[in-house]
Amino acid sequence: MTGAVHIVGAGLAGLSTAVRLAGRGWAVHLYEAARFAGGRCRTFHDPRLNRDIDNGNHLVLSGNTSARRYLAAIGAEGKMRIEGEAAFPFFDAADGARWRVSMNQGRIPWWVVSPSRRVPGTGIWDYVRAGRLAFAKPGQTVAEVIPDRGPLWARFWEPMTWAVLNTTPDQATALLLWRVLAETFAKGGRECRPMLAPKGLGSALVDPAVAHLEAHGTQIAFEHALKAVTQTDDRAIELVFANGHTVPLGPDDRVVIALPPTRLKSALPWIMPPDDACAILNAHFLVDDPALAQAPPIIGLVNAETHWIFVKGDIVSLTVSAADKMGLMGEAPDDLAPRLWAETARALKLTTQPHAWRINKERRATFDQSPGGVAKRPQPRTRLQNLFLAGDATDTGLPATIEGAIRSGERAAGLVL
């Protein structure tokens, strides 16, 4: 092969692209605007907590085939622990009810027959009627496709929509939710087991990828924010970075731009991606409480501001999806922390106060996953013959998830190949 591949963006989409191409023998050049790789999926040391924490909580499931191929490629399969069963505990902050959705391993969902394994207050026909999600049409929202507003809605579909699509069911695209379920829940519990990173997502998904690329001769040029792409009628001929560095492109060179929508539009004004001002709020608490040893690694909350809680040793991390729509992004951390902790303590049956805490507000966490936003997702192939796109906002058919980001890199690499 001749030429090189220039990849702009060292988030999971860019890393996925680079790993696949470097493994095929391509000369890969990787550029990143920040001082670190990983983008919105990284682990850092927080001095207030004196612990390594993830900047956000992401759930990977055993049915995420792209993520598992990526882990195998970078030699990091042992960095994530696959739970033995697909079991998801929940807590209702309104009435204190607790339950656990516990799936059987095979494809036939026998678990919905057992009252002890399904959402309380629901019957088999509630799940049968929910199958209409598989026939959702483009442009339909989750609320339109699933009109029932009983216990299954409040205790499963609504929290699932918030978690997967980072927006409210009346705005969330039903097809995106179905495609996630089709690759996980619809295949049975074996494909729905949580995959956890005990030492952080960065140590599992980012650091091994960087080491893998370095072993293949790829170095990341940090603090290289793409400013513009010089082009002829049908080819990119030069990359222009904000630090003054320019990279002329040879006749056989390829380019993959793996940037979030706002930065993509800035560098390539002729591409009109969806808006990406959809926020997520995460809170991290340092806790010393004996009851924490009995807490599940993940628990979902309903009728609460908190949506999901992740227990990682003595760090309790919680996620509030669509925090902008909930009106929380403008609140002061000192006001938020006690309120969120009160919900968390009840859910986990903790009686002590945290030693320290940190609030992270990610204002551009995901792209707009409403039908209008989804319709704007760009294709990976562009009008320039040698320039391709990656990133979870491209048209992967999946939502803005780790799986979507990694799969977008696979698709971009496939076009280069």
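**Figure 1. Helices α1 and α11 meet at a slant in this predicted model**. Let us start with a helix pair: the axes of α1 (residues 12-23) and α11 (residues 402-416) come within 7 Å and cross at roughly 40°. The two helices are therefore oblique to each other, as the angle lies outside the ranges counted as roughly parallel (under 35 degrees) and roughly perpendicular (65 to 115). In passing α11, helix α1 makes a right-handed crossing. On the α1 side, the contact is built from L12, A13, S16, T17, R20 and L21. Helix α11 brings I402, A405, I406, S408, G409, E410, A412, A413, G414 and V416. Sorted by character, the residues of this contact are 9 nonpolar, 5 polar and 2 charged.

**Figure 2. Helices α5 and α6 cross roughly at right angles**. Here is another helix pair to look at: α5 spans residues 151-165 and α6 spans residues 174-183. Their axes cross at roughly 95° and come within 10 Å of each other. Because angles of 65 to 115 degrees count as roughly perpendicular, α5 and α6 get that description. From α5, the residues W157, M160, T161, V164 and L165 meet L176, L177, V180 and L181 of α6. The residues of this contact divide into 8 nonpolar and 1 polar, with no charged residue.

**Figure 3. The second largest pocket draws on α3, α5 and α6**. How much volume does the second largest pocket have? It is about 490 Å³. Its lining is made by 19 residues, and those nearest the pocket centre are P109, W111, Y127, F185 and A186. Helix α5 and helix α6, together with α3 (124-129), are the elements that each give two or more residues to this lining. The lining residues comprise 17 nonpolar, 1 polar and 1 charged.

**Figure 4. The largest cavity holds about 40 Å³ of space**. How many cavities of 30 Å³ or more does the structure hold? There is 1. The residues that line the largest cavity include L259, P260, P261, L264 and P273. Further along the chain, P378, A390, G391, A393 and T394 also belong to the lining. What is the character of the residues in the lining of the largest cavity? They divide into 8 nonpolar and 2 polar, with no charged residue.

**Figure 5. A close-up of R363 in strand β19**. This last view centres on a single residue, R363, whose strand runs over residues 356-366. Which residues is R363 in contact with, leaving aside its neighbours within four places in sequence? They are D276, A277, C278, A279 and M329. Look for D324 as well: R363 and D324 are 39 residues apart in sequence, while their C-alpha atoms are 7.9 Å apart in space.

How values were computed:
Residues are numbered from 1 along each chain as its sequence is written. This is a predicted model: local features need pLDDT of at least 70, side-chain atom pairs count only at pLDDT 80 or more; totals for chains, interfaces and linings use all residues. Side-chain values use heavy atoms; hydrogens and water are left out. Axes are lines fitted to C-alpha atoms, for helices over the stretch in contact, and angles run from 0 to 180 degrees between N-to-C directions. Helices (H or I, at least four residues) and strands (E, at least two) are DSSP runs, numbered from the N terminus. Angles under 35 degrees count as roughly parallel, over 145 as roughly antiparallel, 65 to 115 as roughly perpendicular and the rest as oblique. A crossing is left-handed if the near helix is turned anticlockwise from the far one by less than a right angle, and right-handed if clockwise. Contact means heavy atoms within 4.5 Å. Ala, Val, Leu, Ile, Met, Phe, Trp, Tyr, Cys and Pro count as nonpolar, Asp, Glu, Lys and Arg as charged, and the others, Gly among them, as polar. On a 1 Å grid over the protein atoms alone, a cavity is a set of points where a 1.4 Å probe fits but cannot get out, and a pocket is an open set with protein on both sides within 12 Å along at least five of seven lines; lining residues have an atom within 4 Å of a point. Grid points are joined across faces, edges and corners, and a volume is the space filled by probe spheres set on the points.
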